[in-house]
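User: Please take me through this protein model with questions and answers, going from the overall fold to single residues.

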Amino acid sequence: MTDKLLLIVAHAPSENTQRLRDAVRRGAGHADIEGVRVRVLSPFEAGPEDVRAADGIILGTTENLGYMSGALKDFFDRIYYPCLEETQGRPYALYIRAGHDGTGTRRGVETIVTGLRWQAIREPLLCRGEYREAFEGECEELGTLMAAGLEAGVF
């Protein structure tokens, strides 16, 4: 059996957002999960070939002025048309580090992934307000959920 590839595309410009990204990676690499490789890239590093190669994608972004980070928007601008026909149905998950409510960020990302016809595996994880250590546990669970689902063939 060929390993599945989970791609994590996360904008992590601060120590706290790096901790969230690392928690997602840690969860995806849970010791009980076999047959899933994890690749972590910044939105500036990831391109269409990375998206096409992935069996599932976790997106991470900060809330910037009520929208997704410019880095994640740049990623979508570069991969949208090259991946449009080839990645329909791709399972994805989203986490947002939101200083406010995250609704504009969520709406912006969901508009684009709806156009790509990707399938959400769950509601977006919104890490709202002041930073809390509990966000890391939630992000770790998100990584584990996606990797376990890929391993089991659920997604």
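The turns below begin with the whole chain and then turn to single residues.

User: Before we start, what kind of model is this, and which residues and atoms count?

Analyst: Residues are numbered from 1 along each chain as its sequence is written, and side-chain values use heavy atoms, with hydrogens and water left out. Local features need pLDDT of at least 70 and side-chain atom pairs count only at pLDDT 80 or more, while totals for chains, interfaces and linings use all residues, for this is a predicted model.

User: In what pattern do the helices and strands follow one another along the sequence?

Analyst: Helices (H or I, at least four residues) and strands (E, at least two) are DSSP runs, numbered from the N terminus. The protein has five helices and seven strands, and read along the sequence they give the pattern β-α-β-α-β-β-α-β-α-β-β-α.

User: What radius of gyration does the protein have, set against that of a compact globule?

Analyst: The radius of gyration is taken over C-alpha atoms, and the globule rule is 2.2 Å times the number of residues to the power 0.38. The C-alpha trace spans about 45 × 35 × 25 Å along its principal axes. For 155 residues a compact globule would be near 15 Å, and the protein agrees with this, having 14 Å.

User: What share of the contacts between residues at least 6 apart in sequence joins residues at least 24 apart?

Analyst: A contact means heavy atoms within 4.5 Å. Among the contacts between residues at least 6 apart in sequence, the share that joins residues at least 24 apart is 84%.

User: Is Thr62 buried or exposed, and which side chain does it join in a polar contact?

Analyst: Thr62 has its place in strand β3, residues 56–64. Buried means under 20% relative accessible area, exposed over 50%, and partly exposed in between (1.4 Å probe, protein chains only), so Thr62, at 10%, counts as buried. A polar contact is a pair of N or O atoms within 3.5 Å, where within protein one must be able to donate a hydrogen and the other to accept it, and residues adjacent in sequence count only if both atoms are side-chain atoms. At 2.7 Å, the side chain of Thr62 makes such a contact with that of Asn64.

User: Which residues are in contact with Thr62, leaving aside its neighbours within four places in sequence?

Analyst: With those neighbours left aside, the residues in contact with Thr62 are His11, Pro13, Thr17, Tyr67, Met68, Ser69, Arg97 and Thr105.

User: What is the phi of Leu65, and is this residue buried or exposed?

Analyst: Leu65 lies in the loop between β3 and β4 (67–68). Its phi is near 55°, a positive value in a residue other than glycine. With a relative accessible area of 91%, Leu65 is exposed.

User: Where does Arg117 lie, and what is its relative accessible area?

Analyst: Arg117 is found in the loop between α4 (103–116) and β6 (119–120), and its phi is positive, about 65°, although it is not a glycine. Arg117 is partly exposed, with a relative accessible area of 43%.

User: What separates the C-alpha atoms of Gly35 and Lys4?

Analyst: Gly35 is in the loop between α1 (15–28) and β2 (36–41), and at 19% relative accessibility it counts as buried. Leaving aside neighbours within four places in sequence, Gly35 is in contact with Asp3 and Lys4. Gly35 and Lys4 are 31 residues apart along the chain, and their C-alpha atoms are separated by 6.1 Å.
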